[in-house]
Amino acid sequence: MAEPILQSNSLNSCQENSLFSASLFKVVFTPNNKTANVDIVAVSSVQGNVTFDVEVSAYGFPIIKQKVSPCDMGLAGLCPMTAGKIPLNFNLPVTGDALEQVPGIAYNFPDLDATVKVVFTMTDGPEAGNAVACVEADISNGKTVDLLGVKWATAIVAGLALTSSAIMSGLGHYNAASHVAANALSLFGYFQAQAMLGLTGVPLPPVVMSWTQDFQWSMGIIRLEFMQDIFTWYQRATGGTPATIFDSLTTVSVQVEKRSLDFIEAGMSLAKRSVAMMPRSIAEPLGQAMKRDLMRRANIETSSGSYIVYGIQRVAFRAGIESTNVFMTCVAFFCLMVIFVSLAVAAFKGACEMAVKNKMMDSDKFLDFRNGWLTVLKGILFRLTLIGFPSMAIMCLWEFTQNDSAALMVLAVFFLIGMTTTLCWAAFKVIMIARRSIVMHNNPAYILFSDPQALNKWGFLYVQFRASAYYFILPYLGYLGLKAMFIAFAQHSGTVQAVGFLIIEAGALIAASVLRPWMDKSTNSFNIAICAINFVNSIFLMIFTEVFNQPRLVTGVVGVVLWIANASFALVLLLMLIVTTVIVIFRDNPDGRYTYMADDRTSFMKSQTHLTTTTELDALAATARGGKEGFNKGMDLDDDAESITSDSLRRQTERLGVPSAHSNQSFGAHSNNSFGAHSNQSFGAQSNYNNQGYGNRPQSPANPSMPFFPADGPRSPPRYQDNGSMRAPSPFDGSPPYRNQNNSPGPGAFRQQNNASPSPWQRGAGYD
């Protein structure tokens, strides 16, 4: 591995109607022993003496130009050349003069973009002086940026960040958890965007192909030998025909396309001569069938027997996966991820209960998680669905164009419709909850962040955004869906994909910069930077299509620039996420590291930092009721029916005697009844609250049936009586009540009568 080498594994045609091609071509040059081993199986239609015009170029820049005569070199079978199949296996000595022309960097620079081009020129016969064939071979030095260590490092950092955010949330530090989770998800999305570049049908420079291959794990393209055997068997058992490219590598070559050629026409031109020799009645239907097959399959088999792969099949070939197994590989790893995470959550629940039972952990640790772990698990599964949606959308749509077997088509329909419907339904629920919160409280954050059921189940869709941008998940899903369709349906047209990516990424960058929908300034900057680098990558992708007819040197240099820019950017993002996660884990008060957000969500969240007193009182009340605090028991198959946003809970609130915004017993300027500890409709210790079967449901200290702001009369900005602050009082922070324009208590002011003692909520939670 340490020995310097230059090698090539495929011979590509660079001229239409080329009379020389090779189904197998392997050349390895070792400068230490000054020899090149050549193993080739060629198909030649050339008859007579020829000379070889050899040109070696690196990144499009010519390095060596030399004319070679096979007769002078004593190459048997090439002097003179004869028509037919020519198998050759020999060692070619390389002189010192040729060695000196190869720069030392050629042996060490990763993913070398070098090419040897050979033009066959006739020296006798009627075609003397004409070029009858042209072939070129891509040269590699064995060094690459497609490294297993990079894949493991990026996967571990992203996974640990998501895990730490879940732990922080379980400990009650919701503010810190939401920041870490938002950055981790954004970083994971950036990794998937890098992988999508490699999945396009655009011809990519070698260093770009290798760099994007580092992130294909995020799309589920991971090779395990025993799984590939199972997928091949499954496809055969369901009526499909598995690809066998890897079984034939010893006899044929596979060309990983990196040049801007018309692949379909190139493949057809190589077979044109053999089809033309057939009768017309047979040739025309056969030609149409070949064209349809080439359009359907992204790996093209040439007339010489070699293959050309590009797009998704290029990624599969570099990963060591048969092209017909890519879809099942992604499906299997998505399902394994869901199963593994579900088992891990269940195991953590059991471990926590065991630790509390054996007094190895305080009883209030992970209390919300332990009491409502099924709801938390639902939210985690929803989040996994969102993470896996880009990969599954691309692969399911692409499978529709491949039709590998009937069973795989059914799976593609099932996963695509199931995941799309699930995410759209979740987004619809979030929008409905937010709109109800606006109607009831003039603030979307009120219910979105005060209801633990909604936060734990649907929060994956909106916690990373500010409360007023709760809808932004729909544009994000549309963004992912559009990219998936361009990748899946335009594999044979890299230019269409590049134009589509350019428009989509430009729109994403403009929307992110103008709307700035994320939760705070740092998170907005983090995501806008990712959108900016994705837009730059789409410009580079357009350059790779060579629609501008730029020199090949420009294409090679742009490829290196893309690698260096994205590698540096990814390193900065990884370091930022690592530092943030470590600080949050080892800090006594993780929530204190972040400033309060403008949407005031921390006032509504049941945060361990800000609601210590409330937590203690809730635990005391739960003990008095003889039940668990925080979440419902049972399977909780549809906890939406028990959310504070539901009609059923509002009806139960009315049965308890809690006045609504439209009742005669309201809280505002026209209120005629007070709610002290000993009143008939009391929220205090003497109320009949526990007698209504209400004890085990998740409770927010805020009354769900009351508007957050006064509903009567024109609204004016509320002010504190003592300091004149413009900030609306939180239902949790113990602030003094505000008054409306009529100088009567607002909706949060419980007036005490008959010298009644304050209720526990007044004393503890500060909800006046």
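A contact here means that heavy atoms of two residues lie within 4.5 Å of each other, and the legends below describe close-up views of a predicted model.

**View 1. Isoleucine 221 and its surroundings in the largest nonpolar core.** Isoleucine 221 touches Leu199, Gln216, Val315, Ala319, Ile321, Val326, Thr329, Cys330 and Met395, when residues up to four places away in sequence are not counted. The largest nonpolar core holds 134 residues, and within this core Ile221, Tyr462 and Phe544 are the ones that touch the most other members. A second core, separate from this one, has 27 residues, among them Phe52, Val68, Ile86 and Val118. As background for this view, nonpolar side chains in soluble globular proteins tend to be buried together. In the chain as a whole, buried residues account for 53% of the 768 residues.

**View 2. An open sheet of five strands.** The strands of this sheet follow the order β2-β9-β8-β5-β6, and their pairing is antiparallel. At the edges stand β2 (12-13) and β6 (61-68), and each has a single partner strand, so one side of each is left without a neighbour in the sheet. Further in, strand β8 (residues 114-122) and strand β9 (residues 131-139) run antiparallel and are joined by eight bridges. One example to look for is valine 119, whose bridge partner in β9 is cysteine 134. For orientation, the chain contains 23 helices and 12 strands.

**View 3. Glutamate 353 and two salt-bridge partners.** Side chains of opposite charge can pair when their charged atoms come close. Lysine 349 forms a salt bridge with glutamate 353, and the closest N and O atoms of this pair are 3.1 Å or less apart, namely 2.8 Å. Both lysine 349 and glutamate 353 belong to helix α10 (residues 326-357), where they are four residues apart, about one turn of the helix. Arginine 370 also forms a salt bridge with glutamate 353, with the closest N and O atoms 3.5 Å apart. This pair links distant parts of the chain, since arginine 370 lies in helix α11 (residues 367-371) and glutamate 353 in helix α10, 17 residues apart. Lysine 349 counts as buried because its relative accessible area is 14%, and arginine 370 is likewise buried, at 7%, whereas glutamate 353, at 26%, is partly exposed.

**View 4. The salt bridge between lysine 151 and aspartate 146.** In this pair the closest N and O atoms are 3.1 Å apart. Lysine 151 is partly exposed, with a relative accessible area of 23%. A search of the whole structure finds seven salt bridges.

**View 5. A nonpolar patch on the surface.** The patch is formed by Leu571, Leu575, Ile578, Val582, Ile585 and Phe586, which together have about 580 Å² of accessible area. Phenylalanine 586 lies in helix α19 (residues 552-586), and this residue is exposed because its relative accessible area of 67% is over the 50% cut-off. The accessible surface of the chain comes to about 34,400 Å², and 61% of this surface belongs to carbon and sulfur atoms.

Terms used
Residues are numbered from 1 along each chain as its sequence is written. This is a predicted model: local features need pLDDT of at least 70, side-chain atom pairs count only at pLDDT 80 or more; totals for chains, interfaces and linings use all residues. Side-chain values use heavy atoms; hydrogens and water are left out. Patches are made of residues with over 30% relative accessible area and no salt bridge: like charges are joined within 9 Å, nonpolar side chains (Val, Leu, Ile, Met, Phe, Trp, Tyr) within 5 Å. Accessible areas come from the Shrake-Rupley method with a 1.4 Å probe; for residues, only the protein chains shown count as cover. A salt bridge is a side-chain nitrogen of Lys or Arg within 4 Å of a carboxyl oxygen of Asp or Glu. Buried means under 20% relative accessible area, exposed over 50%, partly exposed in between (1.4 Å probe, protein chains only). Two strands pair if DSSP finds at least two bridges between them. A nonpolar core is a set of buried Ala, Val, Leu, Ile, Met, Phe, Trp, Tyr and Cys residues joined through side-chain atoms within 4.5 Å.
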